[in-house]
Amino acid sequence: MSDPHTQEEIVQQLARISAGVSHSIRQMSVEQFTTGTESSWSAESYLKHLLLSIKPLAKALHFPAAQLQKIFSIADRPSRTYADVVAAYQKRLGEGIRAEDYDKVVPMFYRFPEGITDPHAYLIQSWTDANIKLTEGAARWSEAELDSLQMPHPAIGTITLREILFFTIYHNDLHWRDMQH
């Protein structure tokens, strides 16, 4: 994967990873899907974590630009590159930041609606639906808006829309690889 930059490249990478995660999970047995280790979450837990991470972003990407600007103001610096965003996140990981420090993104926080009888199928469909909303949201912004509008990220601070999408690509790809081990 080459580092994305343009809105089109971002949308393509998000779609590629979404399809890859779906394919990987569909290939897993229920046992493979639900079994983790002492040092690693199960694929099910990684998927819940990713859903908890992308659903709020997907929703925010459908807000009007004026609303995002009013809530989070306009960026006062240019967007960093994909590699720079990844490096900033890895630096924070090196400093000890963990998903478990943020209740809203740990898998235990994920709640199924009542009446779900097949959690595996439900999570795959939820992943698909959330990623459609995410890619549609990412596709609606101009290159200039991706660089001028911003929102907070819990680990790396207030970042531009382009940067949060870079982070999302990295984060989703990272945990897709985790699910495969």
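## Salt bridges at Lys-91 and Arg-98

In this predicted model, Glu-95 and Lys-91 bring their side chains together in a salt bridge, with 2.9 Å from N to O. The two partners differ in how they are classed: Lys-91 counts as exposed at 54% relative accessibility, while Glu-95 is partly exposed at 46%. If you would like the general background, side chains of opposite charge can pair when their charged atoms come close.

A second pair to look at is Glu-100 with Arg-98, whose side chains also meet in a salt bridge, again with 2.9 Å from N to O. Here Glu-100 is partly exposed, with a relative accessibility of 32%, and Arg-98 is partly exposed as well, at 46%.

## A link between two helices

Next, turn to Arg-162 and Asp-147, where the side chains form a salt bridge with an N to O distance of 2.7 Å. This pair connects distant parts of the chain: Arg-162 sits in helix 8 (residues 161–179) and Asp-147 in helix 7 (residues 143–148), with their positions 15 residues apart in sequence. Arg-162 counts as buried because its relative accessible area is 1%, under the 20% cut-off. Asp-147, in contrast, is partly exposed at 28%.

Shared partners also tie salt bridges together: Arg-77, Arg-80 and Glu-163 belong to one such network. How many salt bridges does the structure hold? The count is nine.

## The largest nonpolar core

The largest nonpolar core contains 50 residues, and those with the most contacts inside it are Val-21, Leu-47, Leu-134, Leu-161, Leu-165 and Met-179. At least two residues of this core come from each of helix 1 (7–26), helix 3 (43–60), helix 5 (82–94), helix 6 (119–139) and helix 8. As a general backdrop, nonpolar side chains in soluble globular proteins tend to be buried together.

Met-179 is a handy residue to click on. Setting aside neighbours within four places in sequence, Met-179 is in contact with Val-21, Ile-25, Met-28, Ala-43, Tyr-46, Leu-47 and Leu-50. Two of these partners, Val-21 and Leu-47, are themselves listed among the core residues with the most contacts.

## His-120 in helix 6

Is His-120 buried or exposed? Its relative accessible area is 16%, so His-120 is buried. This histidine is found in helix 6. Not counting residues up to four places away in sequence, His-120 touches Ile-25, Met-28 and Phe-33. Ile-25 and Met-28 also appear among the contacts of Met-179, which makes them a good place to end the tour.

Definitions and conventions:
Residues are numbered from 1 along each chain as its sequence is written. This is a predicted model: local features need pLDDT of at least 70, side-chain atom pairs count only at pLDDT 80 or more; totals for chains, interfaces and linings use all residues. Side-chain values use heavy atoms; hydrogens and water are left out. A salt bridge is a side-chain nitrogen of Lys or Arg within 4 Å of a carboxyl oxygen of Asp or Glu. Buried means under 20% relative accessible area, exposed over 50%, partly exposed in between (1.4 Å probe, protein chains only). Helices (H or I, at least four residues) and strands (E, at least two) are DSSP runs, numbered from the N terminus. A nonpolar core is a set of buried Ala, Val, Leu, Ile, Met, Phe, Trp, Tyr and Cys residues joined through side-chain atoms within 4.5 Å. Contact means heavy atoms within 4.5 Å.
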